[in-house]
Amino acid sequence: MLIAANISVLERACDFVFRHAAQLCGIPVRSVERPQASLTAKVVLKTSRDEAYLSLLNLMNTKFDEFMMLTENITWTSEEIPQNGNENINEVIIYIETLMSTAQQILPMDALYKVGSGALEHISNSIVAAFLGDSVRRFNANAVMSINNDLKMLESFADERFLSTGLSEIYKEGSFRGCLIEARQLINLLMSSQPENFMNPVIREKHYNALDYKKVVTICEKFKDTSDGIFGSLSSSNTKQSA
């Protein structure tokens with residue numbers, strides 16, 4: 001993160017040096033501020049900055065994977081629902097809060113948005129991947145409710161940080177909560193009293209458009225306890241349609 005921040009400073013320095021050199025040469029400032037006026041060094045710095053962001057996101061995702069370990073930290077056939085969320089989710093939120101606070105101090109706003117959205121999107125993908133994973137062969141409604149509580153905590157954090165960082169004023173068409181949409185739609189479907197509505201193309205496009213059809217098939221096949229047997233027919237219908 002510090003390397004990315006330093007590169008951003010150097011990019012701004014390039015602009016300053018370019019304008020200053022133009023002034024010393026008697027060249028009008030407006031002519032060097034045109035889009036086609038650029039320095040090779042700045043292009044190289046941008047490439048380096050992009051690489052730094054990519055490395056940062058990869059390191060972040062690796063750390064999140066260590067924290068989450070959903071297949072090990074969640075009791076998938078639990079008889080109770082944790083009231084305060086699973087312990088690991090608190091560690092995840094503390095870590096992303098630390099990342100966001102540091103990024104806000106030293107990175108440009110577009111980079112801050114990349115850090116936040118990249119982290120939350122990876123968490124959302126991890127939740128869906130946990131349901132899909134071979135190590136989770138069955139799960140019940142209590143496990144779904146437990147993850148729903150975790151997801152609510154993440155969504156509250158996402159809303160608060162998106163607003164408090166000022167990103168909501170810049171990215172009016174997007175939000176950090178939107179990065180969790182796949183996990184949210186999956187949990188909503190699993191908690192639904194009418195999961196068969198997923199088979200309706202209009203309803204699916206409106207409420208479950210972020211979900212992959214084949215992933216839903218696989219997940220629903222694992223959700224067949226007596227208390228949630230209504231998913232059995234959905235799973236069967238999905239299997240027939242995909243065939």
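Begin with the whole protein chain and display its surface: the chain exposes about 13,500 Å², of which carbon and sulfur atoms supply 54%. The coordinates belong to a predicted model.

Next, colour the residues by burial. Of the 243 residues in the protein chain, 42% are buried.

Now switch to a cartoon view and follow the protein chain from the N terminus. The elements run α-α-α-α-α-α-α-α-α-α-α, that is, 11 helices and zero strands. With contacts drawn, consider those with a separation of 6 or more: residues 24 or more positions apart account for 76% of them.

Select residues 87–106, helix α5, together with residues 109–132, helix α6. How far apart are the axes of these two helices, and at what angle do they pack? The axes lie 9 Å apart, and the packing angle is about 165°. Because angles over 145 degrees count as roughly antiparallel, α5 and α6 are described as roughly antiparallel to each other. Their crossing is right-handed.

Then show the side chains where the two helices meet. On α5, select Val92, Ile96, Met100, Ala103 and Gln104. On α6, select Leu112, Val115, Gly116, Ala119, Leu120 and Ile123, which these α5 residues meet. Which classes of residue form this contact? Colouring by class gives nine nonpolar residues, two polar residues and no charged residues in the contact of α5 with α6. Gln104 in α5 and Gly116 in α6 are among the residues to label in this view.

Methods: Residues are numbered from 1 along each chain as its sequence is written. This is a predicted model: local features need pLDDT of at least 70, side-chain atom pairs count only at pLDDT 80 or more; totals for chains, interfaces and linings use all residues. Side-chain values use heavy atoms; hydrogens and water are left out. Helices (H or I, at least four residues) and strands (E, at least two) are DSSP runs, numbered from the N terminus. Buried means under 20% relative accessible area, exposed over 50%, partly exposed in between (1.4 Å probe, protein chains only). Contact means heavy atoms within 4.5 Å. Accessible areas come from the Shrake-Rupley method with a 1.4 Å probe; for residues, only the protein chains shown count as cover. Axes are lines fitted to C-alpha atoms, for helices over the stretch in contact, and angles run from 0 to 180 degrees between N-to-C directions. Angles under 35 degrees count as roughly parallel, over 145 as roughly antiparallel, 65 to 115 as roughly perpendicular and the rest as oblique. A crossing is left-handed if the near helix is turned anticlockwise from the far one by less than a right angle, and right-handed if clockwise. Ala, Val, Leu, Ile, Met, Phe, Trp, Tyr, Cys and Pro count as nonpolar, Asp, Glu, Lys and Arg as charged, and the others, Gly among them, as polar.
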